[in-house]
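Visitor: I would like a close look at a single part of this chain, with each term explained where it comes up.

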Amino acid sequence: MLSYLADYESYFGPLRLFGYLTLRAAFAGLTALLIGFIVGPWIFAKLRLLSAEQSLRSKEEVGALADLHAGKGKTPTMGGLMICVSVVVSAVLWATPNVYVYTALMIYLGLTVIGFLDDYLKVVKRNSKGLAGRWKMLGQAVLTGVALLMLLSVPESASQMRELWVPFYKEVLISEMSLFVLVPFLFLILSGSSNAINLTDGVDGLAIGCTVTVALAYMIMAYAAGNTIIADYLFISYIPGAGELAVVCAALLGASLAFLWYNSHPAEVFMGDTGSLALGGLIGMIAFMVHQPLTLIIVGGIFVMEAVSVILQVGSYKMSKKRIFLCAPIHHHFELKGWHENKVVIRFWMLSLIFAMAGLATLKLR
């Protein structure tokens with residue numbers, strides 16, 4: 001919204017600075033950080049007042065892990081509301097409105113609502129089940145359809161959103177995906193990324209810390225995709241207007257850092273599904289719109305590890321009644337191996353940074 005001030009530079013020269021994407025991205029990050037520090041304590045106090053406490057799994061479900069996490073039972077959840085307010089307000093202020101920004105925020109707000117309902121049911125019923133999985137998937141499917149309707153109904157994005165680009169390849173792999181391919185493909189991206197971050201959110205600071213590195217990587221990718229000179233140099237898809245998603249990523253980066261301040265060990269608040277489902281969906285949607293959906297497997301390597309560990313654990317137990325890990329997701333395995341929670345988190349952060357740099361390297365390795 002503030003980008004329109006650049007139209008009045010003839011009246012006051014410095015207003016032209018609001019036309020620069022890099023400046024707006026920087027201020028979006030700072031604004032989200034500031035909003036997080038302002039509204040965060042107020043939101044968290046309200047959550048504590050409403051006794052919106054995290055529901056933990058019982059010892060019958062997770063064994064010794066329940067003893068390790070026993071002290072977390074009084075920690076409020078739904079902290080993702082702070083991230084949501086920070087990201088949305090900052091993005092609306094600093095991004096130039098276009099179909100990509102609207103779609104990203106629609107997905108983010110929609111999944112925030114789904115996650116909030118899940119957390120609300122957990123808090124009210126005092127169990128760890130929450131919203132049934134089929135309803136979550138139905139919500140994700142509806143949001144997938146709405147997102148594609150928005151993108152395909154606008155001429156500036158209709159043709160490009162049907163393209164499929166893959167890492168390490170200079171040309172578009174599929175120039176026009178049919179709806180029979182496009183719909184399940186986007187649904188897989190949204191549901192996969194949102195559920196993967198949800199699984200990662202199991203110890204203090206882990207999910208939000210890894211979100212910081214992923215947001216930073218996709219901020220760079222979005223900027224490159226929206227810049228014709230950089231896109232041509234790197235042999236990646238040039239998408240007019242997609243550079244504004246760098247502003248959204250910067251807002252996400254700032255909001256994530258603000259939340260990490262409160263979520264670091266020992267956590268004062270958890271993001272809950274209100275945060276994790278929405279963050280994963282937003283990242284997945286941005287990855288799709290900047291033609292880097294498969295690169296998310298590399299950039300979000302930690303999230304992939306967590307999701308794959310659960311799949312392997314469940315599959316192994318169903319087929320052989322044996323478990324591969326002491327507990328899944330994999331960060332709990334290392335906790336039960338004797339690693340302190342902080343050691344798990346910091347080492348996973350380091351891996352997340354390496355994965356993000358590897359993902360960025362794919363822009364040049366073509």
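Visitor: In which loop does proline 266 lie, and what can be said about the elements around it?

Guide: This is a predicted model, in which local features need pLDDT of at least 70 and side-chain atom pairs count only at pLDDT 80 or more, whereas totals for chains, interfaces and linings use all residues. Residues are numbered from 1 along each chain as its sequence is written, and side-chain values use heavy atoms, with hydrogens and water left out.

Proline 266 lies in the loop between helix 11 and helix 12, where helices are DSSP runs of H or I with at least four residues, numbered from the N terminus. The peptide bond that joins histidine 265 to proline 266 is cis, and its omega is near -5 degrees. From this loop one can look back to helix 11 and then ahead to helix 12.

Helix 11 covers residues 245-263, and its axis comes within 8 Å of that of helix 4 (residues 80-94), the two crossing at roughly 145 degrees. Here the axes are lines fitted to C-alpha atoms, for helices over the stretch in contact, and the angles run from 0 to 180 degrees between N-to-C directions. The crossing of helix 4 and helix 11 is right-handed, a word that applies if the near helix is turned clockwise from the far one by less than a right angle, with left-handed used for an anticlockwise turn. On the side of helix 4 the contact (heavy atoms within 4.5 Å) is made by Met82, Ile83, Ser86, Val87, Ser90, Ala91 and Trp94, and helix 11 contributes Val247, Val248, Ala251, Leu252, Ala255, Ala258 and Phe259. By class, these residues divide into 12 nonpolar, two polar and no charged, with Ala, Val, Leu, Ile, Met, Phe, Trp, Tyr, Cys and Pro counted as nonpolar, Asp, Glu, Lys and Arg as charged, and the others, Gly among them, as polar.

The loop on the other flank of helix 11, between helix 10 (228-234) and helix 11, holds phenylalanine 235. The phi of phenylalanine 235 is positive, near 60 degrees, in a residue other than glycine. With a relative accessibility of 42%, phenylalanine 235 counts as partly exposed; on this scale buried means under 20% relative accessible area, exposed over 50%, and partly exposed in between, for a 1.4 Å probe and protein chains only.

The cysteines can be added to this picture. The structure holds zero disulfides, a disulfide being a pair of cysteine sulfur atoms within 2.5 Å. Cysteine 249 is in no disulfide, and the nearest cysteine sulfur, in cysteine 84, is 16 Å away. Cysteine 249 is buried, at 2% relative accessibility. For cysteine 210 the closest cysteine sulfur is that of cysteine 249, 16 Å away and so too far for a bond, and cysteine 210 is itself buried, at 0% relative accessibility.

On the far side of the proline 266 loop comes helix 12 (residues 272-289), which packs with helix 6 (residues 133-152) at an angle of about 35 degrees, the axes being 13 Å apart. Helix 6 passes helix 12 in a right-handed crossing. Helix 6 brings Lys136, Gln140, Ala147, Leu148 and Leu151 to this contact, and helix 12 brings Asp273, Leu277, Met285, Phe288 and Met289. These residues of the contact divide into seven nonpolar, one polar and two charged.

One of the residues in that contact, aspartate 273, deserves its own mention. Aspartate 273 has its place in helix 12, and at 4% relative accessibility it counts as buried. Leaving aside residues up to four places away in sequence, aspartate 273 touches Gly115, Asp118, Asp119, Lys122, Lys136, Asn198 and Ala278. Asn198 is also among the buried residues of helix 8.

For comparison with the loop you asked about, another cis peptide bond joins alanine 328 to proline 329, with omega near 5 degrees. Proline 329 is found in the loop between helix 14 and helix 15. Lysine 321 also lies in the loop between helix 14 and helix 15, has a positive phi near 60 degrees, and counts as exposed at 60% relative accessibility.
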